[in-house]
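The following paragraphs lead through a protein complex step by step. Please keep the sequence and the three-dimensional view at hand while reading.

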Amino acid sequence: MNRLLGIFILALLGACTSTNQVAALDNEPPATERQIAERKAALSRTRQMQPGPAERFDVAVIGGTCAPKVAAKFALTACVNDKPCNGHGLRLADGSVVCACFEVRDGCEVDSFCHARSRTCTKRPDDKYHVQ
Amino acid sequence: MGTLSCLLAATASIAALTTGCALKPVQVTGKENNGSQSETAFTINRVGDVARLTVAYNDGTDHPAIQYTATTRVTKKGATHMGWSHSTDYGATWSYGGRITPTDNWPILWGDPGITHSERDQNFVYIANLGIPKAKLDAAPGGEISGAVNNYIGGGCIARSNDGGQSFALHQCVQTTEASSTGDFYDGGNMASDNQGNIYAAWVNVDRNAIHVWRAVGENSSFQKMANPFNDGSVMVSHPRLRVNLETNELIVMAMNVNGELLMARWNGSSWGATWHTGMWPQSYPCITSTGALCYSADPIVRTGPQFSFDIGSFGKSNDHIRIMFTRLSTLNGRLFIAGAGCNLDDQQCQYIPEWGTGEGDKDKVSASYNPLVRAYRSQEMANKGEPSLWMGSHTTYFPGTGRVRHAMGGLAILKDQNGDVLFVHLALFQLADQVLCADLRGYWGDYDDLQALGPIPGKSNVFARTFTDSSQGCNYRWQFTSSRVHVGFTGN
């Protein structure tokens, strides 16, 4: 194992000789079935990421007939349970859908909008952060 | 000594050996007129015996069509940020290429550079930026834009070089009119190509929350919009990133959806596959305050998008795989850190591999890491021996105590111990430390850093290099739309 590590590091440090970047690898020796199985197993879904509450959301509704119009880039609005929502419909663990802007329940205040990228309520009309 | 102890000892030894592997920065730009140059993307193409590096960036050096008043920025017809520089000595010295000239129909060329060269004919190099069409500029009061240009961007523009990157001319501007009759708001361009002459460019259509991919079938062809890559109705919010598996010519698009998950779409040459949900959830475009804590809009010392990077490598023929690096937020200390993931291409399984990242740190950690990058490299000789790709990751860390940042590069390894158990290892190999940070008040400073494998260069092999925004000349000015001094830097191992 140490030998493997050494080879890896030497290669990254540029101590090996090499030729050109390649695409087709016709000369490559075929891997054995065991090698293939091992390589596949190395990246199988045995360890899954456990996202935190600020990382994973279940956005169920965007837009809709009663969604309020917000003239701001990156703004999310929705029609949730037949009511205008300054945000999006968020599906909760019990399956119900409520108006929210990611972690902000009931959506954003009237002087702000729900920003799709920063996942926060952002004051209108200013979005000094994302402007080009 | 146990296997793990051996590994740690070996790692420590190597770390000791490589502590001195400080990267040497090279100044790419800065001799031009006053103004800033930032947000970089680069490529290396080889034509005959000449290997040329071309770096594209937002060229904000003085231009009569962009004026900074006491209170705002005024942008007029003829403005262009589409700049580039090139090098034929593997980045030791650079020539300023200039800026690409807009047209009457697309009178302003803006930022967010993407770059690629044709893998089939490497004389052809392409740069993609955002564009402002005439119809939108005409609607601006007085025919000029005061302040932000978001409401006027209406597509993307692609410049092309047919001499390997020495000169460029505007090739084509593209737009859709799904939400706006004068052009939808495109953002965050990226490019890639395959061995068959297909050239790809992609942006996020912010107005439609969709990724738009455009393809030119051949170096001289025009770009045509492809079908929606995420065809399951996914609402896409991040910039897209493109990579091509050069063994199969399959295109892969990665972007983040509104739920926060990284999704992939695969183009096999004739159709898109089903949307691939990776199960990885990065932080979305957060900024960092001077204390290292997270912010979303107020008082950013630096902003941190894009929040992910990926590449396609090989364990061996027909066993290709993907590695991802992305930004996460620690619930322990409230700081950003880097995590990794690896995905099998054949069964579309992804495994979370935090070992490839920085680690979350303890509750007292105050530094914040961002701008993850990852690239694979495999030479013909390595392939002939059945050796897998080499992988290099890179990221930037902000240190509140000094107010400076460090760019780090390190290897990402999969090893096996004597019991046959798999070990994932990150080896910190190279660093460019104590760099001056000089973002404008929006936080923009280098969020388009790039990492590429240069392959063999004279006297060395397996070289990886990165571009970055360079403020080593000092930061004497921070304002809403600009800061100084900000130029383009290059470094590699």
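A convenient starting point is a sheet in chain A: three strands form an open sheet in the order β2-β8-β9, and their pairing is antiparallel. At the edges stand β2, residues 75-76, and β9, residues 121-123, each of which pairs on one side only. Two bridges connect β2(A) with strand β8, residues 112-115 of chain A, in the antiparallel sense. Within this pairing, A:Ala75 is placed opposite A:His115. Strands of a sheet pair through backbone hydrogen bonds, and the pairing may be parallel or antiparallel.

The whole model is predicted, and confidence should therefore be considered alongside the geometry. For the complex, the predictor gives an ipTM of 0.91 and a pTM of 0.93.

Chain A as a whole contains two helices and nine strands. Followed along the sequence, the elements of chain A appear in the pattern α-α-β-β-β-β-β-β-β-β-β. Of its 132 residues, 38% count as buried. When contacts in chain A between residues at least 6 apart in sequence are considered, 29% of them join residues at least 24 apart. The mean pLDDT of chain A is 81, with 71% of its residues reaching 70 or more. Over residues 15-25 of chain A, however, the pLDDT stays under 50, although the model has 33 contacts beyond four places in sequence for this stretch. Where pLDDT is low, the predicted coordinates should not be read in detail.

Chain B comprises three helices and 37 strands. Its radius of gyration is 22 Å, close to the 23 Å that the globule rule gives for 493 residues, so chain B is as compact as a globular protein of that length. Along the principal axes, the C-alpha atoms of chain B fill a box of roughly 75 × 50 × 45 Å. Buried residues account for 58% of the 493 residues in chain B. Among its contacts between residues at least 6 apart in sequence, 60% join residues at least 24 apart. Chain B has a mean pLDDT of 92, and 95% of its residues reach 70 or more. Over residues 16-20 of chain B the pLDDT is below 50, and this stretch has one contact in the model beyond near neighbours in sequence. Residues 1-9 of chain B also have a pLDDT that stays under 50, and the model has eleven contacts beyond four places in sequence for them.

The next element to locate is strand β12 of chain B, residues 156-161. Why is this strand described as largely enclosed by the rest of the structure? Six of its six residues are buried, so β12(B) is largely enclosed by the rest of the structure. B:Gly156, B:Ile158 and B:Arg160 point one way from the strand, while B:Cys157, B:Ala159 and B:Ser161 point the other way, and all are buried. Strand β10, residues 125-132 of chain B, runs antiparallel to β12(B) and is joined to it by six bridges. In this pairing, B:Asn129 has B:Cys157 as its bridge partner. Strand β13, residues 169-174 of chain B, also pairs with β12(B) in the antiparallel sense, over five bridges. Here B:Ala159 stands opposite B:Leu170.

Further along chain B, four strands form an open sheet in the order β29-β30-β31-β32, with antiparallel pairing. The edge strands are β29 (368-377) and β32 (422-436), each pairing on one side only. From one strand to the next, the twist averages 20°. Strands β30 (residues 390-399) and β31 (residues 404-416) of chain B pair over eight bridges in the antiparallel sense. B:Tyr398 faces B:Val405 of β31(B) across this pairing.

The largest nonpolar core has 162 residues, of which B:Tyr126, B:Val253 and B:Ile324 touch the most other members. Leaving aside residues up to four places away in sequence, B:Val253 touches B:Ala202, B:Ile211, B:Val213, B:Pro229, B:Pro240, B:Leu242, B:Met264 and B:Ala265.

A final residue to find is B:Asn209, in the loop between β15 (198-205) and β16 (210-217) of chain B. Is B:Asn209 buried or partly exposed? It counts as partly exposed, because B:Asn209 has 19 C-beta neighbours inside 10 Å, whereas 20 or more are needed for a residue to be buried. Among the residues that B:Asn209 touches beyond four places in sequence are A:Ala116 of chain A and B:Val235, B:Met236, B:Val237 and B:Val258 of chain B. The C-alpha atoms of B:Asn209 and B:Ser238, 29 residues apart along the chain, are separated by 8.7 Å.

Note on methods:
Residues are numbered from 1 along each chain as its sequence is written. Chains are lettered from A and ligands numbered from 1 in the order in which they are written. This is a predicted model: local features need pLDDT of at least 70, side-chain atom pairs count only at pLDDT 80 or more; totals for chains, interfaces and linings use all residues. A nonpolar core is a set of buried Ala, Val, Leu, Ile, Met, Phe, Trp, Tyr and Cys residues joined through C-beta atoms within 7 Å. A residue is buried if 20 or more other C-beta atoms lie within 10 Å of its own, exposed if 12 or fewer, and partly exposed in between; C-beta atoms are placed from the backbone. Two residues are in contact if their C-beta atoms, placed from the backbone, lie within 7 Å. pLDDT is the predictor's confidence in each residue, from 0 to 100. Two strands pair if DSSP finds at least two bridges between them. Axes are lines fitted to C-alpha atoms, for helices over the stretch in contact, and angles run from 0 to 180 degrees between N-to-C directions. The radius of gyration is taken over C-alpha atoms; the globule rule is 2.2 Å times the number of residues to the power 0.38.
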